[in-house]
Amino acid sequence: MPERLALSFWQTVEVDCVDRSWCIISSEVQIDLRKNIFCTILSQILREGTMSVEEKLRVLADRIKTHSSAMLTEEALKTAIVLPFLAALDYDVFNPDEVIPEYCADAVGKKGEKVDYAIKIDGEIRVLVECKPITTVLDRIHLAQLYRYFSVTNAKFAILTNGRAFHFHTDLVAPNKLDDRPFLTFDLSDLQGQLTSELKKFAKADFNVDGILQSAHRLKYTSAIKKEIGNVMENPPEEFVRMVTVGLYQGRFTGQVKEQFTPMVKAAFREIVRESVQSRLSTALAETEISEIGADGIETEEEVVTTEDEREGFMVVRAIVRDLLKPARVIMRDQKSYCGILVDNNNRKPLARLWFNRTVKYLGLFDGEKEEKVKIDSLDEIYDHADRLRATAKEYLAGAMAAPSIASAS
């Protein structure tokens, strides 16, 4: 590390020399100490710069778990969680033209009212952020400021957070009117499922209003459905218990019969979930063991293994084109390098290809004779390409699409 660079850095830092012993240290030692301090700080900056979005979010998750008791004030919460969260999505929190603190825009009947942060993208306000103390239970009453500001700015998304819980809102119900119900909610201390891939869509480099709105529409309803299914699993209603036991009990469905079967239905739900998890774990362990055996030099027969992701991806594609092609016409044909989805089981009628055999997943889309590989982070992102899949299906129906070449696009 050049000495002049370390000294230049040190000159920009104010030092409170309470310990006068520093003054009696030789200049050579002082230079070495300054260079070491500079190198330490620089290495921390570089390390954070190379971290992925997911890694940065994991750091925040650990922080909220271990230090939440020190974040009782709203300002402490902003500094420890909210600003680092925005920084994890690659926004420059030190640039007041990009992340605007205490943003003020006159709303009807509320002049001078402020929202905690406004994020400006391409010169326009696109995201509003309102923070509440960590002890606050977020509810629709806390949306008041965001509700007013949303209607008088060009913002398309609003985030309400207490540092632990994050609620993402937009205007799916009525244009330019903030929805009461969030389309995405999560607990930062408990990151699960495909959450990271959804949050990446809000990153500065990937921010696309139309793409996020498509995901928001899907997330809003799938989240609500999951919540209802969870409620049914925990407290099966009488109608549901009656439905699943109608073929098991021939007598009248009395209150006593309901009390007898309700715990069984609840237990059956839990067993289904547990068996599904165990099945996935067993499959993963088996694949790991096969890989280890191959690495040890023992020959194994190469065979095509259809993964659970490939099966689910196939079902998603088939569901997208169901109103155009009967399900029986959409066929999965797995290969060693990719999983093909064909129309009429015809190699000359490829609908899509799932390139899922490596860490990075790609969806192969067809337009005329060429295949285009599109990177996806989760199976849910297949829905983002529904229009292209449906367009390919329509071309096959019309008999107008030329047969694609056997070789795929690289």
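Against which elements do the buried residues of α10 pack? In this predicted model, the buried residues of α10 pack against three strands, β7 (330–334), β8 (339–343) and β9 (350–355), and against the helix α11 (386–398). Helix α10 itself comprises the 13 residues 308–320 and reaches 18 Å from its first C-alpha to its last, close to the 18 Å expected at 1.5 Å a residue. The residues of α10 that are buried are Glu310, Gly313, Phe314, Val316, Val317 and Ile320. Seen down the axis of α10, these buried residues fall within an arc of 160 degrees, so they line one face of the helix. Such a pattern can be read against the geometry of the α-helix, which has 3.6 residues a turn, so that residues three or four places apart point the same way.

The nonpolar interior was examined next. The largest nonpolar core contains 41 residues, of which Ile81, Phe85, Phe168, Phe186 and Phe207 touch the most other members. Helix α4 (residues 74–88) contributes the largest share of this core, namely seven residues. For Phe85, when its neighbours within four places in sequence are left aside, the residues in contact are Leu57, Leu60, Phe166, Phe168, Phe186 and Leu199. A second core, separate from the largest one, has 24 residues and includes Cys339, Leu351, Ala352 and Leu354. In soluble globular proteins, nonpolar side chains tend to be buried together.

Two cysteines were also considered with respect to burial. Cys339 counts as buried because its relative accessibility is 0%, which lies under the 20% cut-off, and Cys131, also at 0% relative accessibility, counts as buried for that reason too. A disulfide is a covalent bond between the sulfur atoms of two cysteines; with a cut-off of 2.5 Å between cysteine sulfur atoms, the count of disulfides comes to zero.

The strands β1, β2 and β3 were then traced through their pairing. Strand β2 (residues 114–121) is mostly covered, with six of its eight residues buried. On one pairing, β2 meets strand β1 (residues 99–104) in the antiparallel sense over five bridges, and within this pairing Val99 has Ile119 of β2 as its bridge partner. Strand β2 is also joined by five bridges to strand β3 (residues 124–131), and these two strands run antiparallel; here the bridge partner of Lys120 is Ile125 in β3. The hairpin of β2 and β3 has two residues between the strands, and in this hairpin Asp122 takes a positive phi near 55 degrees.

Terms used. Residues are numbered from 1 along each chain as its sequence is written. This is a predicted model: local features need pLDDT of at least 70, side-chain atom pairs count only at pLDDT 80 or more; totals for chains, interfaces and linings use all residues. Side-chain values use heavy atoms; hydrogens and water are left out. Helices (H or I, at least four residues) and strands (E, at least two) are DSSP runs, numbered from the N terminus. The expected span of a helix is 1.5 Å times one less than its number of residues. Buried means under 20% relative accessible area, exposed over 50%, partly exposed in between (1.4 Å probe, protein chains only). The arc is that of the directions from the helix axis to the C-beta atoms. Contact means heavy atoms within 4.5 Å. A nonpolar core is a set of buried Ala, Val, Leu, Ile, Met, Phe, Trp, Tyr and Cys residues joined through side-chain atoms within 4.5 Å. Two strands pair if DSSP finds at least two bridges between them.
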